[in-house]
Amino acid sequence: MDQKELAKKVKLLMMDVDGTLSDGRFFVLPDGTALKSFDVKDGTGIIFAGLAGIRTAIISGKKSEAVKKRVEELHVDDYFEGVRDKTAPLFQLLEKYELTKEEVAYIGDDIGDAEVMGMVGFSAAVGDAHPLIKRISHYIAKRYGGRGAVRELIDFILDAQGKWQEIFTKLKNSDNADEIMRKINS
Ligand SMILES: [Mg+2]
């Protein structure tokens, strides 16, 4: 089945953090706090996915206050932190939303993502993912982790599902259109 057919089925998008939503680099302050950078385009894509009725979940192997803040801003449906086995959140979410694995997309960058990526219906790698991760992916983004790879994948899914009109209509008619636009522009 081609990428577009697989993308049509997606009802839940799971995303790794380090190296996927971030570029994988972090700056450590003297008190031990780690700073990461996120791409605003990815954030906008996550908001669009939500408007299109696609659930979003962020899975991180680490715990980070910065990530938690970003997750809250973007109204991500589910956030799992400090996760060792990334298949565990998948099974939880399949049950919670009564989905099949074919209805789940996952984007990641490294070996820790491989097992869960092998289970979902539509797996994607960021442009600078580990070669093995690229090899097992249905979709390889041109953009790198933390540099719009997630947005590229979301755009591909929304295109495949023909959701743009619905998103623009929702943006226009939404009572909180101003609030959404503020988030998109922040
Ligand atoms: Mg990663």
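## Exercises on burial, contacts and helix packing

With 9 C-beta neighbours inside 10 Å, F27 counts as exposed, where exposed means 12 or fewer other C-beta atoms within 10 Å of a residue's own, buried means 20 or more, and partly exposed lies in between, the C-beta atoms being placed from the backbone. The structure is a predicted model, in which local features need pLDDT of at least 70 and side-chain atom pairs count only at pLDDT 80 or more, while totals for chains, interfaces and linings use all residues. Residues are numbered from 1 along each chain as its sequence is written.

**Exercise 1.** Determine in which strand F27 is found and which residues F27 is in contact with, leaving aside its neighbours within four places in sequence.

*Solution.* Begin with the secondary structure: F27 is found in strand 2, residues 27-28, where strands (E, at least two residues) and helices (H or I, at least four) are DSSP runs numbered from the N terminus. Next come the contacts, which require C-beta atoms, placed from the backbone, to lie within 7 Å; with neighbours within four places in sequence left aside, F27 is in contact with A34 and L35. Finally, the C-alpha atoms of F27 and S37, which are 10 residues apart along the chain, are separated by 9.3 Å.

**Exercise 2.** Locate I157 and decide whether I157 is buried or exposed.

*Solution.* I157 has its place in helix 7, which covers residues 149-160. Counting then gives 27 other C-beta atoms within 10 Å, so I157 is buried. Apart from neighbours within four places in sequence, I157 is in contact with A7, V10 and A105. A longer step along the chain leads to I54, which is 103 residues from I157, with a C-alpha separation of 9.7 Å.

**Exercise 3.** Describe how helix 2 and helix 7 are arranged, and identify the residues that make their contact.

*Solution.* The axes, which are lines fitted to C-alpha atoms over the stretch in contact, with angles from 0 to 180 degrees between N-to-C directions, come within 8 Å for helix 2 (residues 40-51) and helix 7 and cross at roughly 30 degrees. Helix 2 and helix 7 are therefore roughly parallel to each other, since angles under 35 degrees count as roughly parallel. On the side of helix 2 the contact is made by K41, D42, T44, G45, F48 and A49, and on the side of helix 7 by V150, R151, I154, D155 and L158. These residues divide into five nonpolar, two polar and four charged, where Ala, Val, Leu, Ile, Met, Phe, Trp, Tyr, Cys and Pro count as nonpolar, Asp, Glu, Lys and Arg as charged, and the others, Gly among them, as polar.

**Exercise 4.** Find which residues have the most contacts inside the largest nonpolar core, and which element gives the core its largest share.

*Solution.* A nonpolar core is a set of buried Ala, Val, Leu, Ile, Met, Phe, Trp, Tyr and Cys residues joined through C-beta atoms within 7 Å. The largest one has 43 residues, and those with the most contacts inside it are L13, M14, A105 and I107. Its largest share, six residues, comes from helix 7. Taking L13 further, and not counting residues up to four places away in sequence, L13 touches A49, I54, T56, A105 and I154.

**Exercise 5.** State what phi H75 has and what phi E98 has, and place each residue.

*Solution.* The background is that most residues other than glycine have a negative phi. Phi of H75 is near 55 degrees, a positive value in a residue other than glycine, and H75 is found in the loop between helix 3 (65-73) and strand 5 (78-80). H75 counts as exposed, with 12 C-beta neighbours inside 10 Å. E98 likewise has a positive phi, of about 50 degrees, although E98 is not a glycine; E98 is found in the loop between helix 4 (87-96) and strand 6 (104-108), and with 9 C-beta neighbours inside 10 Å, E98 counts as exposed.

**Exercise 6.** Work out whether A125 is buried or exposed, and list its contacts beyond four places in sequence.

*Solution.* A125 is found in strand 7, residues 122-125, and is buried, because 29 other C-beta atoms lie within 10 Å. Leaving aside neighbours within four places in sequence, A125 is in contact with G108, D109, I133, K134, S137, I140 and A141.

How values were computed:
Two residues are in contact if their C-beta atoms, placed from the backbone, lie within 7 Å. Angles under 35 degrees count as roughly parallel, over 145 as roughly antiparallel, 65 to 115 as roughly perpendicular and the rest as oblique.
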